[in-house]
Amino acid sequence: MITLDNIVVKFDDFTALHDININVKEGEFFTFLGPSGCGKTTTLRTITGFINPASGKVYMKDKDITNIPIEKRNIGIVFQSYALFPTMTVYDNIAFGLKIKKLSKDEIDNKVRDIARKVDLSDEQLEKAVSQLSGGQQQRVAIARALVTNPSVICLDEPLSNLDAKLRVQLRNELKKMQKDFGITSIYVTHDQEEALTLSDRIAVFNNGYVEQIGTPNEIYNHSATEFVCNFIGDINKLEDGIVEALNEHGAGLDPDMHHYIRLERLHVNKAQDEDHFVFDARVVSSEYYGLYIKYTVGAFGQTLRVIEKNDGRVPFETGETVKISFSPANIMSYSSKEA
Amino acid sequence: MLKEKRFDSIFVFRALMLVFFAYLFLGFMVLPCWNTLTSIFTVKNAAGETDPLAVIRFFLAGNMKTYVWNSLRLAVVLVVTVNLVGISIVLLTEYFDIKGAKILRLGYMTTMIYSGVALVTGYMFLYANDGILTPLLVNAFPSLSKNWFTGYNAVVFTMTFACTSNHMLFLRNAIRGIDYNTVEAARNMGANPFKVLMKVVMPTLIPTLFSLTIMTFITGLCAMSSPVLLGYDSINPEIVRLAGSSSADESFPQARAALLSIILAIFTIVLLTVLTAYERKGHYLSVSKTKAKLQKQKIENPVANVIAHIYAYVLFIIYMVPVVMIIIFSFQTHSAISLKKIDFSNWTFINYFGTQDNQYLTARGVYKTIPGAISGVFSNDATLSGIKMSFFLSATAALLACVIVVIACEYISKHKKSGTALEYSLLFPWLLPTILICYSYRVYFNSSSVWYVGNQNLYFADNVKLLIIMAYVVTKLPFSLRMIKAAFYSIDNELEDAAKNLGSSPVRTFLKVKLPIILPSVLAVFALNFNALFTEYDMSATFASSYGRTYAMVIQAMTHDEGLYGFNMNASGRRCASTVFIMIVSGIILWLVYGVGARDLSERLEAKKKRKEFFVKVFSKKNGELKAE
């Protein structure tokens, strides 16, 4: 659907994107994930046409759109701030693009009301000023405005970043549902890994203008391709030399020159484990009670490790208590130290 | 192909714009002022030789220094008196718990709706030797001369109360921004209320006070209407006098006027540089995340409390008496105004509308009548033409200033380097006193050899209107730029991207998306500029052309004595009515700007909904009544 072929973007002497190659499939929810300044928004703006690449091509349905003006690419955009025109009513905001296309009044009215219904905006809300709507309703207006012109692709640039945590989760679910209902190819930009993992069919993880990994949420999380990705996605323990040595003494065969990581939920506290599990004693340094789970910080081999245990109703372990930590060496992710 | 065409049209538009701004900057800011500057050093002596230092020598040897000294003295004294009164009125209405503070505030704010020549003539109506309050004051203070309201004393008195508007705007905002928790913390640590005021509250106000002090100093230095009307020899009136003089009457008057205006410019530039440097150092920033609203402080000492109340109400009386008296007298008959006594049995609109015959007793004991000699503001040809002239000049200039600045802001927001250069060029007049600009225009364009205005003498006949409009526009550019640029910068960049993405052209995006957002600010700037220019006196007095006789000049002429046989007849009545008219115009403009104009779309929609509901209710009621019948 959308293909980025060796895209390079430069701002004067600074190279913002290095040889980006991405292929977004039709109907897919594709996410650009990464920290601030990694190039994800620049990539999105290259697709939408706000930035011209120094080299490389942008294809939509195999057609080269690199030099096609923004308004002719047929791409809808939902901006970070929603960019709703504050001096227009909700109706006029949604109708803006249709008026430019010089559609008849009736046609505009039908399309606006139709899309409003689909995104759950009432007729009464259509006559309101955008400032009279809640954050969630404003998001729906922004989506309606982006979709009403029937774009081939919709690009969403961190549309949830300005909202509070509770609303973010609620709207995330609505967004996913809407995308499935409309079946439109979506490209989503976020720095929030949880958002990326819950929403996406596939994710491209960006770092310093490079794509570190493209994959499904499961591939990205459980089989991180690079040390950056494994550190950026989710919470993780880095295994220090002491523990690596101990593991190797038990035949784990870890390369001491590499960096080794294990996710928090792969460690277990005082649980009967399989034979291949590595088990050692550790002292509880602290515990945080989250209700659904408990997060322990334990000390062993001169380092601290964080462990997440599902709350199974047992009394949590006390600080200072000695516990048995176990994990399967197969869950260790190892990366060449040169990568860092 | 399409792209190239678009690129070309944008390029041509930009090039035209830059040419226009260069024309404006060089032609109407730099060259006229440069001409003024060089004229000082190109004076010819009696032998016909150029003597570059002749004017300087004249300045040092003669009495020209007096004008500078007088202006400086006025500026320094005003800094003290205006700050004293300004700080007092703000503290009394915002910080201390004074009974009736809301009414007091309204009284103290009256100078926002009438100022300049209207205010000075209003004060003259009350306090001049034949003023309505003068006999009362002389009775109350027998040692007071009935001519007390002239010269330096009168100028200081008038300007002290006239120049506190900025305190009511800026210092009031600053004091309202104080975090009350800091006051509570100081009290909690044992500080008494006076210590809290001096050690906690006042230090946070210092940056605002510093700016106000500089602004007051410049106002005092550049004072025009008060010194002219009340008779005080300061720089500006002298420049105007010299500008109208000829070398047949005195030595190189034009060059002397130029020197005085340049001296004024130097003072202004130095002061504004100091102000800018100080502002750059930064202000005291509140670090509190949850600011508590300032609560009014009770003056616990009963004696101090009574004194504070008396002081507050005395100030209120000083502010309100001119307003009340002028409003009352504007509805009084010609004879009541002449006798300076209120006739409670006889109220009239004659000072506003219509004409009346004037009957008078001649020396031969015969009554004579001059038909229609007593006329109101809107019936008197001279006054009406002044109003029309000021309306035309100020509305045109205010509109032009806004259009120029909006176009400039659009350019500045998109071009960093050339945009900065454009911004500085439009801010340039800020450094120049208005009198320098007007004087420079008057001299420089009073010739047929300025090629870039088509070799037209712009000071000749009706052309002077164009010159006044240009002066108005140029002097209003810095203020307009600062205000409108702030509005431009508040526009979310993504809005433009969104419009572009939806297929909107740059022109459509500007007209449909950006302009509606900045429009309230633009209209506010237009209204404020119009308001200031409508009663402007300093500039039109500098041009002193009968072809550009503005409303303020007409009002100033109303202070001349009324002749028995019809000359200037009922000028005092029209003066009162004019002041009321100005107050109404200013009040409406301020209401439009800060009331109606400040409403956003949601508030407008809400108001529309209420109106609709109201009409539905009214009609359904009527329908119900009809059915019942």
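**Exercise 1. Which residue in β8(A) does A:Cys155 stand opposite, and in which sheet does this pair lie?**

Solution. The model is a predicted one, in which local features need pLDDT of at least 70 and side-chain atom pairs count only at pLDDT 80 or more, while totals for chains, interfaces and linings use all residues. Residues are numbered from 1 along each chain as its sequence is written, and chains are lettered from A and ligands numbered from 1 in the order in which they are written.

Step one is to locate the strands, bearing in mind that helices (H or I, at least four residues) and strands (E, at least two) are DSSP runs numbered from the N terminus. Strand β7 of chain A covers residues 153–157 and strand β8 of chain A covers residues 185–190; the two run parallel and are joined by five bridges, where two strands count as paired if DSSP finds at least two bridges between them. Within this pair, A:Cys155 stands opposite A:Ile187 in β8(A).

Step two is to place the pair in its sheet, an open one of six strands in chain A with the order β6-β7-β8-β3-β9-β10 and mixed pairing. Because β6 (75–78) and β10 (210–215) of chain A each have a single partner strand, they stand at the edges, and one side of each is left without a neighbour in the sheet. From one strand to the next, the twist averages 20 degrees.

**Exercise 2. Describe the open sheet of five strands in chain A, working from its order to its residue pairs.**

Solution. The order of this sheet is β13-β17-β14-β15-β16 in chain A, and the pairing is antiparallel. The edges are taken by β13 (268–269) and β16 (303–310) of chain A, each of which has a single partner strand, so one side of each lacks a neighbour in the sheet.

Next come the pairs that involve β15(A). Strand β14 (residues 278–289) and strand β15 (residues 293–300) of chain A pair in the antiparallel sense over six bridges, and A:Arg283 stands opposite A:Gly299 in β15(A). On pairing with β16(A), β15(A) is again antiparallel, now over eight bridges, and the bridge partner of A:Tyr296 in β16(A) is A:Val307. β15(A) and β16(A) form a hairpin with two residues between them, and A:Phe301 in the turn has a positive phi of about 55 degrees.

**Exercise 3. Which residue takes a positive phi in the hairpin of β1(A) and β2(A)?**

Solution. Strand β1 (residues 2–11) and strand β2 (residues 14–24) of chain A pair in the antiparallel sense over seven bridges, and A:Thr3 has A:Asn23 as its bridge partner in β2(A). Two residues lie between the strands of this hairpin, and A:Asp12 takes the positive phi, near 55 degrees.

**Exercise 4. Where is the kink in α3(B), and how does this helix pack against α4(B)?**

Solution. Helix α3 (residues 64–95) of chain B has 32 residues and reaches 45 Å from its first C-alpha to its last, close to the 46 Å expected at 1.5 Å a residue, the expected span being 1.5 Å times one less than the number of residues. A kink of about 25 degrees is centred on B:Leu78, the bend at a residue being the angle between axes fitted to the seven residues ending there and the seven starting there.

The axes of α3(B) and helix α4 (residues 101–108) of chain B come within 9 Å and cross at roughly 150 degrees; such axes are lines fitted to C-alpha atoms, for helices over the stretch in contact, with angles from 0 to 180 degrees between N-to-C directions. The two helices are therefore roughly antiparallel, a label for angles over 145 degrees.

**Exercise 5. Which residue marks the kink in α19(B), and how does α19(B) pack against α18(B)?**

Solution. α19(B) has 27 residues and reaches 38 Å from its first C-alpha to its last, close to the 39 Å expected at 1.5 Å a residue. The kink, of about 45 degrees, lies at B:Leu477, shortly before the proline B:Pro478.

Helix α18 (residues 434–444) and helix α19 (residues 463–489) of chain B pack at an angle of about 150 degrees, with their axes 10 Å apart, and are therefore roughly antiparallel to each other. Among the residues that make the contact are B:Ile437 and B:Tyr441 of α18(B), with B:Met470 and B:Val474 of α19(B), where contact requires C-beta atoms, placed from the backbone, to lie within 7 Å.

Terms used: Angles under 35 degrees count as roughly parallel, over 145 as roughly antiparallel, 65 to 115 as roughly perpendicular and the rest as oblique. Two residues are in contact if their C-beta atoms, placed from the backbone, lie within 7 Å.
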